[in-house]
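These are my notebook entries from a reading of one chain, kept in the order in which I looked things up. I began with a helix contact and left the question of confidence for later.

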Amino acid sequence: MLEGIQLGLNTAFSWQNILYLLTGCIAGTFIGLLPGLGPMTAIALMIPIAASLEPSSGIIMMAAVYYGAIFGGSTSAILINAPGVASTVATSFDGYPMAKKGLAGKALTVAALASFTGGIIAAALLLISGPTLAELSLSFQSSDYFALMIFALVCIAAFTTQSSFIKALLMALVGLMLSTVGTDQTQGVPRFTFGHTDLLDGISFLLVVMATFALSEALLNIMKKSPANPNTDRISEMRISQAELKDVALPVTRSSFLGFFVGLLPGTGATIASLLAYGGEQRVAKTRAEFGTGSIRGLAAPEAANNAAATGSFVPMLSLGIPGSGTTAIMLGALIAYGVQPGPMLYVAEPEIFWSVIVSMWLGNIVLLMLNLPLIPYIARLLLLPQHILMPLVLFFSLIGVYMVSFNAFDLRLMVLFAASAVILRILTFPMAPLILGFILGGMIEENLARALLIHDGSWSFLWERPITLVLCLLTLLALLVPVMKGRGTPSSTRKRLN
């Protein structure tokens, strides 16, 4: 391993690769800032450039674009509640309320530091135990993935107060229903398209998240009689007190470990890692009520998890040749185009590629922190724009971001319909987070359930035959029962006040 690290240092610290690393970090960060453009788009845009480079240089640059986009993707989620990247949805839950309180600078600083920490910890874990963990990730089967997704879905209880648990379940069900629209991947038949060919490919995640978060937030602000800017006195303040650092240190550390291990599992990725980290931190918090209102812990945990998961997703790609996410699937294709075959023999055949990518992740996270921290006061000042200018800009970026993905006017009409529905639901205090979680997980739940049933000849015995599946099912049952038992233990007079 020491020889591999030395080889990686020699390769990654050549002046050409440092230049490509800087290019990838800058490009990824600024593409991540724009709602609607995520890591997949960023890497796709960089492939023509990377194709002309050496394999190690090209992969270093694309890896920098990947975690750079995730690093910068939190900015739009925090400032304008527009999480154009799925992995930053959980960031907006507390990041945007902090910005509304006039703490945009602090929120961006916390996000940058948490992302940096998550990336550094994950890179160290990747270096130490990558091959061993790759073999471990292979032990997960379809039934385990199905149980894991159900557990993540049931964790919607963590996003809600006691009084809105039923509303959260209903919104998760709506999200699952929306995820079934389109062509059935197992049988190839259209479902719930109502004769519209525009729905054959399903509903875009970007459309749903921009409608329910950014667009509905803008419409709610416009509906107010006297919309006002947040408190401008501290909007660019970046200082974090020692008490606040101490408060987030443990959540960031355990979320980094959680994110890395979730990122190891093919098909999960940064989105599920960030949602699980957010839910887990709310579960262990002494006062759950602060989450969703501007909690620093609620912001730091998903940011550390999504960056760690992005790093963890390189383990199955490099060690097994299995892409852990859509983004790493593109990078896997780029490796193959170079004539490099990812897998267990990559360490022997192309050691400089594997080790240089890992070493460059450490350097890349340092570069990203140095790039982002000085810009935070200027980025935060976006909120100083008058509301009659800022809200139209949010509407414009929301609509144009969705249109640039599909170039289909039908998506814009559907987006407006979803946004109007979201406004009504938010007025009725229905939470939006469970809907997004249900929508994200719906396809994966259906796919893994179908595989598990096929393997077990249609029998549901897989739920208790495999130890991993059984443990996850028991955790899911426990997560469902806890709110119910708490409700029974609450005095009737208190329940009436809650409802």
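**Entry: helix 6 and helix 13.** In this predicted model I listed the residues through which helix 6 meets helix 13, and found Ala-90, Thr-91, Asp-94, Gly-95 and Met-98 on the helix 6 side, facing Ile-296, Gly-298, Leu-299, Pro-302, Glu-303 and Asn-306 of helix 13. Sorted by class, I noted five nonpolar, four polar and two charged residues in this contact. For the geometry I took helix 6 as residues 89–100 and helix 13 as residues 296–312, which pack at an angle of about 140° with their axes 8 Å apart. The crossing of helix 6 past helix 13 is left-handed.

**Entry: helix 2 and helix 4.** I then turned to helix 2 (residues 15–33) and helix 4 (residues 55–72), where I read an angle of about 30° and an axis separation of 6 Å. Because angles under 35 degrees count as roughly parallel, I recorded helix 2 as roughly parallel to helix 4. Their crossing is right-handed. From helix 2 the contact takes in Asn-17, Tyr-20, Leu-21, Thr-23, Gly-24, Cys-25, Gly-28, Thr-29, Gly-32 and Leu-33, while helix 4 brings Ser-56, Ser-57, Ile-60, Met-61, Ala-64, Val-65, Tyr-67, Gly-68, Ala-69 and Gly-72. I counted these by class as ten nonpolar and ten polar, with no charged residue.

**Entry: helix 10 and helix 19.** For helix 10 (residues 205–223) I found an axis that comes within 8 Å of the axis of helix 19, the two crossing at roughly 60°. That angle makes helix 10 oblique to helix 19, and the crossing is right-handed. Among the helix 10 residues in the contact I wrote down Leu-207, Met-210, Phe-213, Glu-217, Leu-220 and Met-223, and among those of helix 19 Asp-411, Leu-414, Phe-418, Ala-422, Arg-426 and Ile-427. By class I have 17 nonpolar, two polar and three charged residues for this contact.

**Entry: aromatic pairs.** Searching the whole structure, I obtained six aromatic pairs. I looked at one of them, Phe-146 with Phe-462, which is edge-to-face, with 6.1 Å from centre to centre and 75° between the planes. This pair joins distant parts of the chain, since Phe-146 lies in helix 8 (residues 142–154) and Phe-462 in helix 21 (residues 462–465), 316 residues apart.

**Entry: positive phi.** I checked backbone torsions and noted Phe-192, which is not a glycine yet has a positive phi, near 55°. Phe-192 sits in the loop between strand 2 (190–191) and helix 10. Thr-429, also a residue other than glycine, has a positive phi of about 65°, and I place Thr-429 in the loop between helix 19 and helix 20 (433–455).

**Entry: confidence.** Finally I asked where in the chain the confidence is lowest and where it is highest. The low end is helix 23 (residues 492–498), with a mean pLDDT of 41, and the high end is helix 19 (residues 409–427), with 89. Over residues 489–499 the pLDDT stays below 50, and beyond near neighbours in sequence I find seven contacts for this stretch in the model. I added a caution for myself that predicted coordinates should not be read in detail where pLDDT is low. For the chain I recorded a mean pLDDT of 78, with 82% of the residues at 70 or more.

Technical notes. Residues are numbered from 1 along each chain as its sequence is written. This is a predicted model: local features need pLDDT of at least 70, side-chain atom pairs count only at pLDDT 80 or more; totals for chains, interfaces and linings use all residues. Side-chain values use heavy atoms; hydrogens and water are left out. pLDDT is the predictor's confidence in each residue, from 0 to 100. Helices (H or I, at least four residues) and strands (E, at least two) are DSSP runs, numbered from the N terminus. Contact means heavy atoms within 4.5 Å. Axes are lines fitted to C-alpha atoms, for helices over the stretch in contact, and angles run from 0 to 180 degrees between N-to-C directions. Angles under 35 degrees count as roughly parallel, over 145 as roughly antiparallel, 65 to 115 as roughly perpendicular and the rest as oblique. A crossing is left-handed if the near helix is turned anticlockwise from the far one by less than a right angle, and right-handed if clockwise. Ala, Val, Leu, Ile, Met, Phe, Trp, Tyr, Cys and Pro count as nonpolar, Asp, Glu, Lys and Arg as charged, and the others, Gly among them, as polar. Rings of Phe, Tyr and Trp (its six-membered ring) pair if their centres lie within 6.5 Å; planes under 30 degrees apart count as stacked, over 60 as edge-to-face and the rest as tilted.
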